[in-house]
Amino acid sequence: MQKVNRDVLLEKAAAMLDAGEVQAVLGWGAGEFAYDVTPRVFETSDELRADFVWNDFCGANLSKYLVSKTKKLEGKLLVFLKPCDTYSFNQLLTEHRFEREKVYAVAVPCEGMADVQKLKALAGDGISSIESTDSGFSVTTIYDDAPVEVKGADVLLEKCANCKSRKHVAYDELLGDEGEVLDSNRFDEVERIEAMTSEERFAFWQGELSRCIRCNACRDVCPACTCEKCVFDNPNSGAENKAPTTSFEEQMFHVIRAFHVAGRCTDCGECSRVCPQNIPLHLLNRKFIKDINTFYGEYQAGAEEGSRAPLVDYTLEDLEAEDVFKKEAE
Amino acid sequence: MQRIGVFVCWCGSNIAGTVDVQAVSEALKTEPGVVFFTNYQYMCSQAGQDIIIDAVKEHNLTGIVVCSCSPRMHEATFRKTAAAAGLNPYMVEIANIREQCSWVHKDMASGTEKAIILGKAAIAKVNLNAPLTPGESPVTKRALVIGGGIAGIQTALDIADAGFPVDIVETKPTIGGKMAQLDKTFPTLDCAACILTPKMVDVAQNDKIRIFSYSEVQEIKGFVGNFDVTIKKKARFVKEEICTGCGACVEKCPMKKIPNEFNLGMDNRRAIYIPFAQAVPKVATIDPSACNMLKNGKCGVCSKVCTAGAIDYTQKDEFINEKYGAIVVATGFNPISMDKFDEYAYNQSKDVITSLEFERLTNAAGPTQGKLLRPSDLEHPHTIVFVQCVGSRCAACAEKGKEYCSKICCMYTAKHAMLVRDKYPDTEVYVFYIDVRTPGKNFDEFYRRAVEEYGVKYIKGMVGKVTPEGNKLKVRASDLIAGKQLNIDADLVVLAVAIEPDKSARPLATMLTASMDTNDFFTEAHPKLRPVESPTAGVFLSGACQGPKDIPETVSQASAAASKVIGLLVKDKLKGNPCIASANELMCNGCSTCANVCPYGAITYIDKEFPMFDRTMQTRRVAQVNPAVCQGCGACTVACMSGAMDLRGFASSQIIAEVDAICR
């Protein structure tokens, strides 16, 4: 259950829209079902009042949409950002992907978002309504009139269960209280995979990646994937491929993508959240983050606007190539 | 479609001995684009080049693949051949079937197979080659010499003699380096100071030479002909241009117990000091770690006694920016640390000294005014043991010493032993050695004199242990020729300690993007044919930073480096490398990643309007490469995630085509 309720966000956005201080609002809009909340641009306060949503299903990171949406507007765009979204916000600013002065960033504290898949696993398919309770959710399905009680902690998104920070690193205005950077266990799973033999690890990833249907949802949602022309769509790139007809997805696609976002990924977890095949894509990115931390010192992409990621920076103290394996062995 | 000619070279038997050149040319003739193929004994010979020129004309070739030696060897040759035939020189690709193939394969079958694969890769690349034209860049007619020892001094004098301005950057308060600390020089035994200090004065008086003493190179940007260097002039708290070097301040300074680094800590200096009498520039320097005035504001004696008013306690580090066309590295050497060599008791006894300390002990300007006295009790030593190869040639103990031969120790030890016997005939002198190496003009004669005329006892064998006992040093050693153990009660033990490159060399190499070997000696562009050039264009090597050297060798290399620098500086313009990066603006995100990784600062950004599909215009931030600054290193092309940045002549598509050809 989120501490700041919908009305606070709604009134803030509506007031600014009505006063003409912003031209549009980038927020979360109601979908067909209670749980399928989607990013949406609102242009009037009436639209907002009708469809604006702020609840435990607002996992979507809105920062990426600023790249395309700000270009279409003359005026300012108000955007709501959860703590993890602000890291992506900074990273995009670092890469000059949108103009800061065209955005009014409103920071919203977040208590963690729910994972629809986990909810369905506990409450069953055919969810017709979801009521928030003090401890979680009361879920009704079309197959049973009696609601199922589900604990909020049991259905947290992976990225929220391993939340790295409740602190907003960028905003114009903060609604509610500021949080802290957290000590998370987000590298535990990476360590488990590192401990495998190379055969086991290959089998693990083959098992995961072979399920890819190449829907491109991971790329499309990723705030680090904002290229004008993606290499996977570019016939001249040598890495173009559009349908999962070969072993490309299994062997190349996700690995190339992980390399492309290495040092830039803020670990917002959107890739795994949107994957319809439940591939734990965030683990590839976290392995890079963990390695960068080990080899070059702690670095959090997006924590600071304009920071130089170790992979595109150079200091005299940088590790020599031959030392990487030594350090890895330690 | 290209019309490609394939020319397979035998290189005498160098290639043909392990690679079936006929089979290679036959196998490559069916590759896409190939319209002509042949093989010949020496493709680089005039006759071989004529074959290429004739084939280009006869078959209207648009691309050339030469399967021969490394492109480092003959790429330039074959590019000139192509130009002579009327082709763009960048339509030539080399398949290295010698270094990467015949020399590393033992049998004909595998050598031939690999040569064919390498040839296919080169053909695949040349199919995608496009003609390139190099740009030009101007040359800044000024040279920078890093290090003011004899190497740096000689290089600077020679460059200045040709009329070009030179700056010397020296970290110490004076130039002169190690040679200034030496007593006599082998094999002629002239006094080091007598031959060095006139050169130091020449440097000081030469209006083409500026000396930045007590200074360090802080940052190096740019490239050959256009280096942009920041020099940090450390605060010496004395106004260099006013100080007359009279020494009144030194005499009156109350801080008297500061170890004197010029005499290797064997006596003391003051907090304000001039390293030695003939220092250049002859200017006092305040040691901020020792000066009371700088530490707690109490004293100020030197400023009171300075009649010139040169003392300035508020002086700050100064940063100087200058452009140079060429950079000479002359960072020199140091003896290695003796901390790991407990067997010689260097850290236990004052009477176990290094050879450089011995030089100071016999030097008239040294701590004992040239009288050979033991450091512990200032008594005259009667038995002296010299130990050679301390930390040199020590393959088995690489973690404490060096694998290489330090080269100068045999000769200076012979010199030390001879001088001792000459001045103090009552002294017994032993020299323990593994081998005595004396290749050099008049070197062996010199060593023979030490043995035959001066009666120095040379013993083949190593010293196992030195134990201080009372006022003696018990030396246990083996005599390999007599096959027995020796126990010598010595008064003084002198260690011929291995030398290593100065510690400043490694970070400097990184700044220069110059390569080093595993021992931190700078690597030459070619070990035999280009020994004074670094593989990085515009960076030259002088003296012991490239490898252990004695003074005659250092001076000749220093002059050689100077002549290379002069050859560069007389040019008004340099032809650039056309293989540079360029951004595809339609794909560029403007993210600045390429600019962040560019070591040359060649990338800037502009806002540019682009027509969109809906007939509107959109302004986007896109990268622009300055072709005069880009060196074609390719760092940006791998950092660019959209693939907008590409390298001409080494486009990603060309590299992928090569890989595909290899994997096919």
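**Exercise 1. A three-stranded sheet in chain B**

Find how many bridges join E12(B) to E17(B), and describe the sheet to which these strands belong.

Solution.

Step 1. In this predicted model, E12(B) and E17(B) run antiparallel and are joined by seven bridges. One pair to look for is B:Lys232, which stands opposite B:Phe319 in E17(B).

Step 2. Now turn to E11(B). Strand E12 covers residues 226-233 of chain B, and its pairing with E11(B) is antiparallel over eight bridges. Two positions serve as examples. B:Val217 has B:Ile231 in E12(B) as its bridge partner, and B:Glu219 stands opposite B:Thr230 in E12(B).

Step 3. Put the strands in order. The sheet is open, has three strands, and reads E11-E12-E17 in chain B, with antiparallel pairing. Strand E11 (215-223) and strand E17 (318-324) of chain B are the edge strands, since each of them pairs on one side only. From one strand to the next, the twist averages 20°.

Step 4. Look at the turn. The hairpin of E11(B) and E12(B) has two residues between the strands, and B:Gly225 in this hairpin takes a positive phi near 85°.

**Exercise 2. Two helices that cross**

At roughly what angle do the axes of helix H2 and helix H6 of chain B cross, and which residues make the contact?

Solution.

Step 1. Locate the helices: H2 of chain B spans residues 21-28, and H6 of chain B spans residues 108-126. Their axes come within 9 Å and cross at roughly 40°.

Step 2. Give the hand. The crossing in which H2(B) passes H6(B) is right-handed.

Step 3. List the residues in contact. H2(B) contributes B:Ala23, B:Val24, B:Ala27 and B:Leu28. From H6(B) come B:Thr112, B:Ala115, B:Ile116, B:Gly119, B:Lys120 and B:Ile123.

Step 4. Sort them by class. The contact of H2(B) with H6(B) has seven nonpolar residues, two polar residues and one charged residue.

**Exercise 3. The domains of chain B**

Into which domains is chain B divided, and how many residues of domain 2 are in contact with domain 3?

Solution.

Step 1. Begin with the whole chain. Chain B contains 19 helices and 34 strands. Its C-alpha atoms fill a box of roughly 90 × 65 × 40 Å along the principal axes. Of its 664 residues, 46% are buried. Among contacts in chain B with a separation of 6 or more, 70% are between residues 24 or more positions apart.

Step 2. Read the bounds. The domain assignment gives domain 1 (4-126), domain 2 (143-232 + 317-332 + 515-569), domain 3 (248-305), domain 4 (334-500) and domain 5 (581-648) of chain B.

Step 3. Compare domains 2 and 3. The C-alpha centres of these two domains of chain B lie 28 Å apart. In the contact, 16 residues of domain 2 of chain B meet eight residues of domain 3 of chain B.

Step 4. Describe the domain 2 side. Helix H8 (residues 192-205) of chain B gives the most to this side, with six residues. By class, the side of domain 2 that touches domain 3 has 10 nonpolar, five polar and one charged.

**Exercise 4. One glutamate**

Is B:Glu357 buried or exposed?

Solution.

Step 1. Place the residue. B:Glu357 is in helix H12 (residues 355-362) of chain B.

Step 2. Count the neighbours. B:Glu357 has 22 other C-beta atoms within 10 Å. A residue is buried if the count is 20 or more. Therefore B:Glu357 is buried.

Step 3. Name the contacts. Leaving out residues up to four places away in sequence, B:Glu357 touches B:Leu264 and B:Met266.

Step 4. Add a distance. B:Glu357 and B:Pro552 are 195 residues apart in sequence, and their C-alpha atoms are 22 Å apart in space.

**Exercise 5. Chain A and its contacts**

How many residues does each chain give to the contact between chain A and chain B?

Solution.

Step 1. Chain A gives 18 residues and chain B gives 20 residues. The chain A side that touches chain B has four nonpolar, seven polar and seven charged residues.

Step 2. Look inside chain A. Its domain assignment gives domain 1 (6-115 + 156-174), domain 2 (117-151) and domain 3 (188-329).

Step 3. Take domains 1 and 2 of chain A. Their centres, taken over C-alpha atoms, are separated by 26 Å. Seven residues from domain 1 of chain A and seven residues from domain 2 of chain A make the contact. On the domain 1 side there are four nonpolar, one polar and two charged residues.

Terms used:
Residues numbered from 1 in each chain as written. Chains lettered and ligands numbered in written order. Predicted model: local features only at pLDDT ≥ 70, side-chain atom pairs only at ≥ 80, totals over all residues. Axes fitted to C-alpha atoms, helices over the stretch in contact; angles between N-to-C directions. Helix = DSSP H or I, 4+ residues; strand = E, 2+ residues; numbered from the N terminus. Left-handed = near helix turned anticlockwise from the far one by under 90°. Contact = placed C-beta atoms within 7 Å. Nonpolar A, V, L, I, M, F, W, Y, C, P; charged D, E, K, R; others polar. Pairing = 2+ DSSP bridges. Domains from an automatic or database assignment. Buried ≥ 20, exposed ≤ 12 C-beta atoms within 10 Å, placed from the backbone.
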